Amino acid sequence: MTPSSPGERTASAVGSDAASTDPSAAPWWRSAVFYQIYPRSFADTTGDGVGDLGGLRDRLGYLELLGVDALWICPVMRSPMADGGYDVSDPRDIDPLFGDLAVLDELIAEAHDREIKITMDLVPNHTSDRHPWFAAALAAGPGSPERARYHFCDGRGPGGAEPPNNWPSIFGGPAWTRVTEPDGTPGQWYLHIFAAEQPDLNWDNPEIAADFEQTLRFWLDRGVDGFRIDVAHGMAKPPGLPDMARVDTRMLEHDDDDPRFNNPGVHEIHRRLRKVFDEYPDAVSIGEVWVQDNTRFGEYVRPDELHLAFNFRLAETPFDAAKIRAAVDNSLTSVTSVGASATWTLSNHDIEREVTRYGGGGVGVERARAMMMLELALPGAVFVYNGSELGLPNVDDLPDEVLQDPAWERSGHTERGRDGCRVPMPWEGQRPPFGFTTGTPWLPIPPEWSDHTVEAQLERLDSTLSLYRAAIDLRAERSEFAGDELDWYGSPPGCLAFRRSGGLVCALNASDEPIPLPPGEVLLSSAPLVGNRLPVNAAVWLV
């Protein structure tokens, strides 16, 4: 492998302030390794089969051993749990399912003692239908200030019997539900891009932003270090709520021309929220932004909007060297012009686990290990979904009767939803529930996961967990991971290699044959090297 021509250099984002040239002055989040916690699946202390904040607190020693810089905790606010906590009835309290504010305070304090930051999930696009605001809206009737907090509209057709427009819900069916008015007659319709239990807020109403700012300060004042903003490309709706030109009812299908998302008014919302974040200089805002166009994506991470935004291109890319390189280039290009940091992730609570996506079985594990090394070698922030460090696969044979994702019912049992990537963590022992709970886990854990437990993998130097620990440690300690630019190397067909400006070389072999290593001293490899050759489905770091 040889370095490519200067024209094949890819610059990652470089800020215009001193932080871009002095790594010691850079904000902590620019290159942090975040560990995503899906709380109900992490660790249970009460025996009810659902993970909780106490379980997370008890496992902080494990997370410190893993070496992560920060946690991203999925929603733990009060919720009827119609959509796993993303239907929030009180955004300034903890749901009893997960604990209480005192437990959260203890978690924050202990995490900070271990030098681990805490970020939480916030949901600004919608509330629960059990939120006091929505109950007040139903009781107040058409034209009231209470209904102005949401999107209530008269229906179309005779008697208003048809939805106000043709928008579908992400979870299936129309994005509108008709209400019964206080006098008992069929009345207006309310908008819910997601489940009917998740009515969309009307961000044109200044009361919404004011309340959300109060929520931000409530948690930041408790010591939370930032937030992942759910559906950060949502919130703003187009004037008049026009029909969609093309209706695609497939779950979580993303289209830049979808009028439900990515409307220009969303940027003024983020600029207003950024002013709150700027009152807390070390806090970070991380947007869930499903936008394909690079220019439009970059608008979300301009200096006065979000600090970071999820780019999912790598998670959507198959194990193909040319496509992986294109995804990396694309992701870096999307943030370079605005001076933002790139983000990298291979999975989360909404996406099929990478081991399964890359072919499953031993091949899937090998490729997932290689891709982890590739993403940790890239400049920017990295997000690791709980269980990825164990090489967990998706569980696609869950019994129908245990499925809980709203997509299962709303699709008429045609979409199994996301439960397969949310099965609880296996911690120890030889049989389910593997130390996750003393009761029955909310989703069954496969018996064959006995080799995947944390306990089993900590004992093996060749385990996926041990590889993660070594890679995260090297990334944090070695100066070769510094710098914001990549030089692509010339590589054999089906392979790729790049050099960081700090001196690190990363090579990945997605071909069918072992390949010669690039020059340099080997730091780490995802699979044993044979002589001076990199095996198939493997990656290596050199300096």
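In what order do the three strands of the open antiparallel sheet run? The order is β8-β10-β9. Keep in mind that this is a predicted model. The edge strands here are β8, residues 152-153, and β9, residues 176-180. Each of them pairs on one side only. Now take β9 and its partner β10, residues 186-191. Four bridges join the two strands, and they run antiparallel. For one facing pair, find Trp 176, which stands opposite Leu 191 in β10.

Next, the other sheet. Eight strands form it, and it is open too. Read the order with me: β13-β12-β11-β7-β4-β3-β15-β14. The pairing in this sheet is parallel. Which strands sit at the edges? They are β13, residues 308-309, and β14, residues 343-345. Each edge strand pairs on one side only.

Start at the β13 edge. Strand β12, residues 284-287, pairs with β13 in the parallel sense, over two bridges. In that pairing, Ile 286 of the model has Leu 308 in β13 as its bridge partner.

Stay on β12 for a moment. Ser 285 has its place in this strand. Is Ser 285 buried or exposed? Its relative accessible area is 2%, so Ser 285 is buried. The cut-off for buried is under 20%. What does Ser 285 touch, leaving aside neighbours within four places in sequence? Ser 285 is in contact with Phe 227, Phe 277, Glu 305, Leu 306, His 307 and Leu 308. We have met Leu 308 already, as the bridge partner of Ile 286. Phe 277 will come back when we reach the helices.

Move along to β4, residues 70-73. Which way do its residues point? Ala 70 and Trp 72 point one way, while Leu 71 and Ile 73 point the other way. All four are buried. Now look at the neighbours of β4. Strand β3, residues 33-37, pairs with β4 in the parallel sense over four bridges. There, Gln 36 stands opposite Trp 72. β4 also pairs with β7, again in the parallel sense and over four bridges. In β7, the bridge partner of Leu 71 is Ile 118.

Now the helices. Two packed helices are described by the angle between their axes and the distance between the axes. Our pair is α5, residues 206-220, and α6, residues 266-277. The axes come within 10 Å and cross at roughly 30 degrees. Angles under 35 degrees count as roughly parallel, so α5 is roughly parallel to α6. The crossing of α5 and α6 is right-handed.

Which residues meet? From α5 we have Pro 206, Ala 209, Ala 210, Phe 212, Glu 213, Leu 216 and Arg 217. From α6 come Arg 272, Leu 273, Val 276 and Phe 277. Sort the residues of this contact and you get eight nonpolar, no polar and three charged.

Helix α5 has another partner: the eight-stranded sheet we walked through. At the β13 edge, remember, β12 and β13 pair over two bridges. α5 packs on this sheet, touching β7, residues 117-122, and β11, residues 226-229. The direction of α5 makes about 155 degrees with that of β7.

Now the loops. Thr 46 has its place in the loop between β3 and α1, residues 53-58. At 57% relative accessibility, Thr 46 counts as exposed. How far is Thr 46 from Phe 98? In sequence they are 52 residues apart, and in space 9.5 Å apart, C-alpha to C-alpha.

Last, some backbone angles. Most residues other than glycine have a negative phi, and most peptide bonds are trans. Watch for the exceptions here. Leu 241 has a positive phi, near 45 degrees. Asn 262 has a positive phi as well, near 60 degrees. Where are they? Leu 241 lies in the loop between β11 and α6, and Asn 262 lies in the loop between β11 and α6 too. Leu 241 is buried, with a relative accessible area of 13%. Asn 262 is also buried, at 9%.

The peptide bond to look at runs from Pro 432 to Pro 433. Is this bond cis or trans? The bond is cis, with omega near 5 degrees. Pro 433 has its place in the loop between α11, residues 406-410, and α12, residues 454-458.

Technical notes
Residues numbered from 1 in each chain as written. Predicted model: local features only at pLDDT ≥ 70, side-chain atom pairs only at ≥ 80, totals over all residues. Heavy atoms only, no water. Axes fitted to C-alpha atoms, helices over the stretch in contact; angles between N-to-C directions. Parallel < 35°, antiparallel > 145°, perpendicular 65-115°, else oblique. Left-handed = near helix turned anticlockwise from the far one by under 90°. Contact = heavy atoms within 4.5 Å. Nonpolar A, V, L, I, M, F, W, Y, C, P; charged D, E, K, R; others polar. Pairing = 2+ DSSP bridges. Buried < 20%, exposed > 50% of the residue type's maximum accessible area, 1.4 Å probe, protein only.
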